[in-house]
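Reader: Could you walk me through a few local details of this chain? I am new to it and would like to take it step by step.

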Amino acid sequence: MFASPRQRLVKKLMKKAVAQAFLGVRKNHGGPFGAAIVRNGEIVASAHNMVIKTHDPTAHAEVVAIRRAASKLGRFDLSDCEIYSTCEPCPMCLSAIYWSNIRKVFYGCTRKDAEKIGFRDRRLYDLIKKKGSPALEKIRLGRDDCLKPFREWSRKRDRVMY
């Protein structure tokens, strides 16, 4: 049975994410993760995990690709885009996907596949589900002072919501 043109395109786009993952692994930039942001069937931006290279724990493939796509398109709203990722997005990447308004995620490996090779996303999923003790102490402090810029933002007539 022959694949439809859409199926062939999806496979081609995922291969771009896989190629990015290999690039990152071979350059020792980070874990085996790649991503591509796609708009109207065309790749807007692609990236691989850069955590080790940049010493930035937020430099996951999806986040780097989103940053590049937003910069290239000159906007933070990527609602007309899709993301292709070699792995199910972690909670941080999933949040970035939501914040950028991307509505469709194609992914290859699962979070369990990532866990099997040493990645610790489970800790975050457990915290989200409120299993176990919190790994982070949260201390509320200085709310009155912190509310001042919130109030100023609320009064701005030229604010841009995102």
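**Rings, a loop and two unusual angles**

Author: Gladly! This is a predicted model, and a good place to begin is Tyr84, which is buried with a relative accessible area of 0%.

Reader: How are the rings of Tyr84 and Phe106 arranged, and how many residues apart are the two?

Author: Their ring centres lie 4.4 Å apart and the planes meet at 5°. Planes under 30 degrees apart count as stacked, so this pair is stacked. Tyr84 belongs to strand S3 and Phe106 to strand S4 (residues 105-109), so the pair links distant parts of the chain, with a separation of 22 residues.

Reader: How many aromatic pairs are there?

Author: Pairs are counted when ring centres lie within 6.5 Å. By this rule the count is three.

Reader: What kind of pair do Phe33 and Phe119 make?

Author: The ring centres of Phe33 and Phe119 are 4.9 Å apart, and their planes stand at 80°. An angle over 60 degrees falls in another class than stacking, so the pair of Phe33 and Phe119 is edge-to-face.

Reader: Which parts of the chain does that pair of Phe33 and Phe119 tie together?

Author: Phe33 is buried at 14% relative accessible area, while Phe119 is partly exposed at 30%. The pair ties together parts 86 residues apart in sequence: for Phe33, the loop between helix H1 (5-26) and strand S1 (34-39), and for Phe119, the loop between helix H5 (111-116) and helix H6 (121-128).

Reader: Is Glu88 buried or exposed?

Author: Glu88 lies in the loop between strand S3 (81-87) and helix H4 (91-99). Its relative accessibility is 19%, and the cut-off for buried is under 20%. Glu88 therefore counts as buried.

Reader: Which residue has its backbone nitrogen 2.9 Å from a polar atom of the Glu88 side chain?

Author: Leaving aside neighbours within four places in sequence, Glu88 is in contact with several residues, including Tyr107, Cys109 and Tyr125. Another in that group has its backbone nitrogen at the 2.9 Å distance from the side chain of Glu88: Arg111.

Reader: Where does the charged end of Arg111 sit?

Author: The charged end of Arg111 is 3.8 Å from the centre of a ring. Glu88 is in contact with the owner of that ring too. The charged end sits over the ring of Tyr125.

Reader: What is the phi value of His55, and is His55 buried or exposed?

Author: His55 is in the loop between helix H2 (51-54) and helix H3 (61-73). Phi of His55 is positive, near 55°, in a residue other than glycine. With a relative accessible area of 72%, His55 is exposed.

Technical notes
Residues numbered from 1 in each chain as written. Predicted model: local features only at pLDDT ≥ 70, side-chain atom pairs only at ≥ 80, totals over all residues. Heavy atoms only, no water. Helix = DSSP H or I, 4+ residues; strand = E, 2+ residues; numbered from the N terminus. Buried < 20%, exposed > 50% of the residue type's maximum accessible area, 1.4 Å probe, protein only. Polar contact = N/O pair within 3.5 Å; in protein donor to acceptor, adjacent residues only side chain to side chain. Contact = heavy atoms within 4.5 Å. Phe/Tyr/Trp six-rings, centres within 6.5 Å; stacked < 30°, edge-to-face > 60°. Lys NZ or Arg CZ within 6 Å of the ring centre and 35° of its normal.
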